[in-house]
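I'm opening my notebook for a new structure today. The plan is to look things up one at a time and jot down what I find.

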Amino acid sequence: MKRLIPFFSLLILAAASIVWAQGTARAKVRTAAGEKPVTMVQHAGQTLFPADEVLAAVGGTLARDPEGFKATLNNVEVAFATDSRYAIIGDELFEMPESPSVIDGRVFVPWQFFQGFFRAAIGMDVTWDVASSTLDVKPLPRQMVSAQASVVDLQGLTKIVIQLSAKTDYNIAREPGAYLVHLRSGLRSSVPEVAVENPLVSKIEFHDALIRIVLKNDEVTASSYRLEDPFRIILDLRHGSPTQPGVLAPSLRLPPVDAPGIRTIVIDPGHGGKEVGAIGASGLMEKDATLAISRKLVDILGRRLGTRVVLTRTGDELLGLEERTAIANQYKADLFVSIHVNAAIVRGAHGTETYFLSLDASDELARKVAERENASSPAASNAPASSDLKLILWDLAQQDYLKESSRLAELIQTEMNVLSGVQSRGVKQAPFKVLVGATMPAALVEVGFISNPDEEAKLQTDAFQSNVANALASAIEKYKNEYEVRIGAAAPPVATPAAAATTTSARSGV
Amino acid sequence: LRRLLIAAAVTLALLSAEGCRSKTTAPGAAKTSDRILNREIQVFYESPRLSLVPERRKVPLPENDAAALAGAIRELLKGPRTPAVGRLLPPDAVLRAAYLLPDGNAIIDLGGPTLTAGWNTGSHNEMMAAYSIVQTASANFPEIRRVRILVNGQVAPTLGGHLRLDRALEPAPELVAVSK
């Protein structure tokens with residue numbers, strides 16, 4: 001019987017080849033440059049195309065990676081896998097009617113894959129004409145947007161904010177002496193260029209669907225992210241050699257930092273814009289106090305730790321609570337600290353409180369739903385369930401980091417206790433919105449009570465702001481050192497200082 | 001004959017509808033749900049020690065808990081009678097609606113100029129204000145296990161920029177003063 005196994009295997013392979021040969025047909029890809037023949041196959045009622053052939057017809061490439069496949073076109077990458085109907089470009093998902101299939105060693109995708117990808121990569125629409133077996137690649141009708149750029153220099157960081165009149169896809173590329181923001185939409189601008197007085201940037205040019213940020217020299221690195229309502233593209237420029245000269249800078253994500261440890265810290269000055277936060281009796285606004293302390297903290301951390309430190313807002317900007325954690329997630333931050341100033345109706349209330357996120361029974365329920373959805377087969381899942389799952393996963397993002405968040409909060413509270421004249425109000429847990437979606441240890445510190453006239457007066461002084469910033473920096477430094485020793489990324493100190501003992505309890509200490 | 005048949009059918013339909021109505025409005029049931037009683041309730045405010053403390057009041061409220069919930073929250077919004085404790089919610093906050101659902105969830109829909117425009121307050125005050133509602137609801141109506149707070153009928157991210165309101169809040173006994 002065993003001798004027959006190779007025979008049957010060959011027979012099955014031969015049969016599969018016949019079925020495969022019968023299922024394939026020829027189609028063509030039509031672009032402005034002409035027509036090119038491609039293979040197509042009918043599979044489960046869907047028309048599938050070999051990804052490599054169609055991509056090659058428009059100048060793109062396909063590669064395998066450990067998690068699936070990666071297609072590249074016009075410096076835009078899309079990742080996809082055979083076990084998912086979703087492909088991902090940056091942070092954006094798009095759905096295909098069927099998961100890609102590997103047939104005879106090649107990956108086949110539904111034609112809608114090219115529609116989603118080409119729209120993002122080259123601003124072209126794709127339609128499938130059954131009658132002529134043609135994949136038609138045509139330009140999308142063009143949307144026009146207007147742009148406004150502003151440049152802020154902040155302690156060695158140049159922040160460029162490009163505000164657009166409507167949301168549009170974009171890519172950011174690097175060329176010698178400039179960063180290029182390619183917009184999918186056409187660009188309307190009243191001026192062709194704006195001169196900039198800045199250590200890193202000399203001018204910003206507005207072209208048709210392109211914004212060129214002209215640098216003063218090539219020793220500049222950039223990272224970028226976007227904000228909604230209004231739609232803004234933000235580039236943070238710093239002195240330093242570009243890590244990947246000539247290669248597309250990430251439009252939404254930074255290149256991953258491989259070295260373990262605390263490499264990026266995001267500091268979030270609470271409130272901003274029309275959301276002024278609490279207001280003191282003499283008129284001090286929470287948004288101003290938090291920004292002043294945060295700026296000082298960023299400066300100290302930059303000097304003391306040599307890590308990348310990012311502010312969620314550098315000026316008086318309105319920023320949604322989810323946007324703040326989204327920025328931290330986009331930067332792949334290792335720590336997130338949100339800085340606030342407290343208020344109570346009891347005038348005498350004073351002192352510091354540090355919070356990390358609390359979960360409740362509904363979070364536990366959500367976790368179970370997420371596990372169930374994750375466990376379900378791809379065939380059983382559908383689009384609404386997946387989007388629900390995405391929301392649940394966002395809600396639970398902080399769950400995995402609660403232990404670390406608790407430790408971070410303890411260290412912050414301990415350092416704030418040391419700050420003379422400030423009474424400890426303890427480490428607490430609360431369902432604070434700004435901590436929900438952070439995929440890293442996260443804490444929120446209320447540095448004092450603006451509703452207390454004495455503390456309001458102190459919060460306005462440069463000295464107190466510096467003291468608070470120093471205390472927070474010491475706490476973050478201690479957490480970094482402790483964490484890196486724990487994960488083996490750093491050697492333990494020769495003489496271990498006695499750890500300060502603090503007690504954590506759920507919403508305790510009131 | 002056709003007209004007669006139609007008239008008979010309409011008469012029958014009206015009679016049967018009347019019959020159904022009289023079944024649902026049994027005299028005893030109507031009085032129970034609508035009866036107003038002088039009920040003692042607890043409304044929660046902030047003590048000088050920054051805890052939630054109950055202020056007891058006897059107020060006329062419907063005997064039916066689902067109807068009485070709105071009355072209890074309106075009492076809370078009136079503010080404290082004791083000068084020693086403080087009102088947590090903005091003075092112009094109003095109750096738009098309150099619902100008690102059979103699964104133990106209560107929905108409290110708030111409105112008013114300050115909450116509509118965006119309340120500029122600190123996290124402590126915001127948290128205590130939200131939990132004063134949760135505590136007032138759950139202390140007076142034991143069937144309430146969670147409270148969902150809406151603003152102008154909508155899910156608001158927060159009341160004042162801190163505490164998430166996209167989930168129902170459960171009572172937080174640790175915020176309440178321990179009675180001696």
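Below are my entries on chain B, starting with how far to trust the model.

**Entry 1: confidence**

I'm working with a predicted model, so I checked the scores before anything else. It gets ipTM 0.78 and pTM 0.58. For chain B, I noted a mean pLDDT of 83, with 80% of its residues at 70 or more.

Where in chain B is confidence lowest, and where is it highest? I found the low end in helix α1 (residues 2-24) of chain B, which has a mean of 40. The high end is helix α5 (residues 123-140) of chain B, at 96.

I also looked at residues 1-31 of chain B, where pLDDT stays under 50. For that stretch, the model has zero contacts beyond four places in sequence. I'm leaving it alone for the rest of these notes.

**Entry 2: the sheet**

Next I traced the strands. Chain B has an open sheet of three strands in the order β3-β4-β5, and the pairing is mixed. Why do β3 and β5 of chain B each have one side without a neighbour in the sheet? I wrote down that β3 (94-100) and β5 (146-151) of chain B stand at the edges, so each has a single partner strand. Going from one strand to the next, I get an average twist of 20°.

Then I zoomed in on one pair. Strand β4 (residues 105-111) of chain B runs parallel to β5(B), and six bridges join them. As an example, I picked Ile107(B), whose bridge partner in β5(B) is Arg148(B).

**Entry 3: helices on the sheet**

Which strands does each helix lie across? Helix α3 (residues 65-78) of chain B lies across β3 and β4 of chain B, and I noted an angle of about 150° to β3(B). Helix α5(B) lies across β4 and β5 of chain B, running at about 135° to β5(B).

**Entry 4: helix against helix**

Last, I compared the two helices with each other. The axes of α3(B) and α5(B) come within 10 Å and cross at roughly 140°. That makes α3(B) oblique to α5(B), because only angles over 145 count as roughly antiparallel. I logged the crossing of α3(B) and α5(B) as right-handed.

Which residues make the contact? From α3(B) I listed Leu69(B), Ala72(B), Ile73(B) and Leu76(B). From α5(B) come Ser132(B), Ile133(B), Thr136(B) and Ala137(B). Sorted by class, this contact between α3(B) and α5(B) has six nonpolar residues, two polar ones and no charged ones.

Key
Residues numbered from 1 in each chain as written. Chains lettered and ligands numbered in written order. Predicted model: local features only at pLDDT ≥ 70, side-chain atom pairs only at ≥ 80, totals over all residues. Heavy atoms only, no water. pLDDT = per-residue confidence, 0-100. Helix = DSSP H or I, 4+ residues; strand = E, 2+ residues; numbered from the N terminus. Contact = heavy atoms within 4.5 Å. Pairing = 2+ DSSP bridges. Axes fitted to C-alpha atoms, helices over the stretch in contact; angles between N-to-C directions. Parallel < 35°, antiparallel > 145°, perpendicular 65-115°, else oblique. Left-handed = near helix turned anticlockwise from the far one by under 90°. Nonpolar A, V, L, I, M, F, W, Y, C, P; charged D, E, K, R; others polar.
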